[in-house]
Amino acid sequence: MSQVPIALLMRLRKARSVAVLTGAGISAESGVPTFRDAMTGLWARFRPEDLATREAFRRNPKLVWDWYQWRRGLIEKARPNAGHEALARLEDRFADFTLITQNVDDLHRKAGSRKVLELHGNIRRNKCFEDNGPVDDRAAEGEAPPRCPRCGGRVRPDVVWFGEYLPQAELAAAFEASRRCEVFLCVGTSALVHPAASLPVEALKHDACLVEINPVETPLSPLCEFSLRGPAASMLPGLLAQT
Ligand code: OAD
């Protein structure tokens with residue numbers, strides 16, 4: 001088991017309020033590809049401007065829909081790993097615990113986390129490109145992409161694309177949690193995409209102890225009091241066991 005610095009354990013044992021921000025790295029060991037890892041990341045193989053913007057969907061809805069269906073296939077097969085499970089168990093250890101994720105794969109909930117703020121949506125849900133209302137699974141069968149039963153608009157995945165606003169209630173709750181926590185834990189994120197990447201900085205401004213779990217350095221590393229260099233699926237269970 002990985003050794004966790006004693007000073008970090010002391011901070012955690014004393015903490016009442018903890019916030020965690022996760023990114024694609026926590027699901028890597030479940031077989032869900034990350035975005036920016038050099039060889040295996042999705043953005044090494046695909047161009048986000050062709051697949052993850054409103055303009056891309058307008059230009060070629062079938063291409064975008066089919067790409068998300070392919071990702072849905074990968075995600076449906078994926079199971080939560082020991083990192084997701086450790087975070088679900090940590091939720092019970094603190095009076096105030098907020099799990100914020102940039103992931104759309106639902107693996108935190110599948111692992112048993114009850115309260116999850118999904119900043120970038122959820123790939124298992126659909127909505128209408130025109131009226132923005134939810135569209136359930138059955139309606140989303142047939143044509144690719146299917147049509148909205150209300151207005152005939154095209155159906156799209158309920159995820160946040162580049163240039164779109166994040167869900168405002170989730171974002172506000174995430175900022176509030178970042179301001180009030182004593183320990184802010186960043187797990188498996190390159191910390192490059194805003195506004196999510198502003199959350200640890202906000203926590204730091206409010207005197208939180210910033211901790212990172214990532215096998216490699218990120219732009220956040222110089223700001224962190226503790227950097228645990230290793231994969232989430234082994235570092236997080238270590239943290240749980242020793243806290
Ligand atoms: P990235 O792909 O940018 O970063 C993944 C991070 O996880 C990298 O820093 C890796 O070093 C780290 N990592 C890889 N394997 C790991 C492991 N086993 N354990 C821990 N860390 C590991 O993914 P995100 O930071 O999540 O947005 O990207 C942010 C957003 O950019 C995504 O939500 C997505 C993307 O475009 C939207 O789709 C809106």
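Okay, let's start right at the ligand: one of its oxygen atoms has a backbone N or O atom of R36 sitting 2.7 Å away. Keep in mind that this is a predicted model. Q102 does something along those lines too, with a backbone N or O atom 3.2 Å from an oxygen atom of the ligand. For a side-chain example, go to N214, where a polar side-chain atom lies 2.8 Å from a ligand oxygen. As for how wrapped up the ligand is, on its own it has 800 Å² of accessible area, and the protein covers 92% of that.

So who's around it? There are 23 residues around the ligand, and the ones that come nearest are E29, F35, R36, T189 and S190. Sorted by class, that shell has eleven nonpolar residues, nine polar ones and three charged ones. And if you're wondering about the pocket list, the space the ligand takes up is the largest pocket.

Right, cysteines. How many disulfides does the count come to? Zero, going by a cut-off of 2.5 Å between the sulfur atoms. Take C148: its nearest cysteine sulfur belongs to C128 and is 3.8 Å away, and C148 is in no disulfide. C148 is also buried, at a relative accessible area of 4%.

Then there's C209. Which cysteine sulfur is nearest to that one? The sulfur of C224, 8.7 Å away, and C209 is in no disulfide either. C209 is buried as well, with its relative accessible area at 0%.

To recap for the ligand people: polar contacts from R36, Q102 and N214, with 92% of the ligand's own accessible area covered by protein. That's me done, over to you.

Note on methods:
Residues numbered from 1 in each chain as written. Predicted model: local features only at pLDDT ≥ 70, side-chain atom pairs only at ≥ 80, totals over all residues. Heavy atoms only, no water. Near = heavy atom within 4 Å. Polar contact = N/O pair within 3.5 Å; in protein donor to acceptor, adjacent residues only side chain to side chain. Areas by Shrake-Rupley, 256 points an atom, 1.4 Å probe, with all protein chains shown as cover. 1 Å grid on protein atoms, 1.4 Å probe; cavity = no way out; pocket = protein on both sides within 12 Å on 5 of 7 lines; lining within 4 Å. Sits in = over half its atoms within 2 Å of the grid points. Nonpolar A, V, L, I, M, F, W, Y, C, P; charged D, E, K, R; others polar. Buried < 20%, exposed > 50% of the residue type's maximum accessible area, 1.4 Å probe, protein only.
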